[in-house]
Amino acid sequence: MKATPQRPLRADAERSVRLILEAAERVLEADPAAPMERIAEAAGVARTTVHRRFANRQALVEALSGNAARHLDDVVTEGRPETAPPLVALHQITAGVLRVKLGWRFALGHAVTPGSEAERILARVQDRCLALLTRTQQAGLIDAGADLLWVRRVYYALIGETLQDTGSAHDPDALAARIMDTLFHGFGPR
């Protein structure tokens with residue numbers, strides 16, 4: 001079955017959707033069982049507006065996931081992983097990913113629906129991450145024998161652990177520097 005292309009939303013409808021998604025993230029992060037009515041109230045829109053844009057709660061959650069995945073894809077693109085020096089790109093992307101993940105914890109904190117837009121975008125982000133790690137390895141910054149799939153898993157784990165406890169440091173650049181230092185230098189003597 002072929003998907004029908006959707007018409008672009010009018011500016012006011014687009015703004016409503018953005019407000020609803022931002023409110024849904026805040027409300028659902030605080031209370032994952034919150035009703036759609038509370039999301040509408042937090043967005044400053046009528047309940048019918050939420051239901052017109054999102055047929056049900058699952059559609060809203062999928063839209064949240066897709067929105068957050070697009071933000072991740074955008075920060076990867078802004079980091080220029082194919083052209084910037086590998087360490088520069090990796091640091092910029094890491095800081096950007098932390099910003100997105102700190103702002104969209106609910107949307108990025110659960111499994112995405114198989115076959116969804118979010119799943120496709122996140123797969124592309126993973127592929128681009130692996131390509132950047134390959135460039136980093138080719139530049140001699142990662143051991144030539146290192147398994148890059150494992151390096152990527154460790155890198156993702158470092159991001160996840162950083163998000164679990166940022167302590168007093170909420171500066172994504174400082175947190176990214178800590179991740180980069182751990183990834184490339186570990187805890188051995190210098």
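How many helices and how many strands does the protein have? The exercises below concern a predicted model, and this opening question is settled in the first of them.

**Exercise 1. Describe the overall fold of the protein.**

Solution.
- Step 1. Count the elements: the protein has nine helices and zero strands.
- Step 2. Write them in order along the sequence: the pattern is α-α-α-α-α-α-α-α-α.
- Step 3. State the extent: along the principal axes, the C-alpha atoms fill a box of roughly 60 × 45 × 25 Å.
- Step 4. State the burial: 38% of the 190 residues count as buried.
- Step 5. Consider the contacts with a sequence separation of 6 or more: residues 24 or more positions apart account for 66% of them.

**Exercise 2. Identify the residues that touch the most other members of the largest nonpolar core, and state which helices supply this core.**

Solution.
- Step 1. The largest nonpolar core holds 51 residues, and I20, L60, L64 and Y155 touch the most other members.
- Step 2. At least two residues of this core come from each of α1, α2 (36–43), α4, α5 (86–103), α6 (105–108), α7, α8 and α9 (172–185).
- Step 3. The largest share, eight residues, is supplied by α4.
- Step 4. Take I20 as an example. Leaving aside residues up to four places away in sequence, I20 touches I39, A43, V45, T49, V50, R53, F54 and L60.

**Exercise 3. Classify the aromatic pair of the model and the burial of its two partners.**

Solution.
- Step 1. The count comes to one aromatic pair.
- Step 2. Y155 and Y156 form this pair, with 5.9 Å from centre to centre and 40 degrees between the planes.
- Step 3. Planes under 30 degrees apart would count as stacked and over 60 as edge-to-face, so the pair is tilted.
- Step 4. Y155 has a relative accessible area of 2% and is therefore buried.
- Step 5. Y156 has a relative accessible area of 31% and is therefore partly exposed.

**Exercise 4. Examine the salt bridges of the structure.**

Solution.
- Step 1. Recall the principle: side chains of opposite charge can pair when their charged atoms come close.
- Step 2. Give the total: a search of the whole structure finds seven salt bridges.
- Step 3. Consider E22 and R18. Their closest N and O atoms are 3.8 Å apart. Because E22 and R18 are four residues apart in helix α1 (residues 11–30), about one helical turn separates them. E22, at 30% relative accessibility, counts as partly exposed, and R18, at 41%, counts as partly exposed.
- Step 4. Consider R38 and D31. Their salt bridge has its closest N and O atoms 3.0 Å apart. R38 is partly exposed at 39% relative accessibility, and D31 is partly exposed at 25%.
- Step 5. Consider R70 and E117. The closest N and O atoms of this salt bridge are 2.7 Å apart. The pair links distant parts of the chain: R70 belongs to helix α4 (residues 57–78) and E117 to helix α7 (residues 117–138), 47 residues apart. R70, with a relative accessible area of 33%, is partly exposed, and E117, at 37% relative accessibility, is partly exposed.
- Step 6. Note the network: D73, E82, R124 and R128 are linked by salt bridges.

**Exercise 5. Determine which residue offers the nearest side chain of opposite charge to E25, and what the side chain of E25 reaches.**

Solution.
- Step 1. Locate the residue: E25 is found in helix α1.
- Step 2. E25 is buried and has no salt bridge.
- Step 3. The nearest side chain of opposite charge is that of R105, at 7.3 Å. The cut-off for a salt bridge is 4 Å, so this distance is too long for one.
- Step 4. The side chain of E25 does, however, reach the backbone nitrogen of R105 at 3.0 Å.
- Step 5. List the surroundings: not counting residues up to four places away in sequence, E25 touches L64, G103, W104, R105, F106 and A107.
- Step 6. Inspect one of these neighbours. G103 lies in helix α5, and its relative accessible area of 41% makes it partly exposed.

**Exercise 6. Decide whether Q164 is buried or exposed, and compare its separation from L102 in sequence and in space.**

Solution.
- Step 1. Q164 is found in helix α8 (residues 148–164).
- Step 2. Its relative accessibility is 62%, so Q164 counts as exposed.
- Step 3. Q164 and L102 are 62 residues apart in sequence, while their C-alpha atoms are 9.9 Å apart in space.

Methods
Residues numbered from 1 in each chain as written. Predicted model: local features only at pLDDT ≥ 70, side-chain atom pairs only at ≥ 80, totals over all residues. Heavy atoms only, no water. Buried < 20%, exposed > 50% of the residue type's maximum accessible area, 1.4 Å probe, protein only. Phe/Tyr/Trp six-rings, centres within 6.5 Å; stacked < 30°, edge-to-face > 60°. Core = buried A, V, L, I, M, F, W, Y, C linked by side-chain atoms within 4.5 Å. Contact = heavy atoms within 4.5 Å. Lys, Arg positive; Asp, Glu negative; His and termini not counted. Polar contact = N/O pair within 3.5 Å; in protein donor to acceptor, adjacent residues only side chain to side chain.
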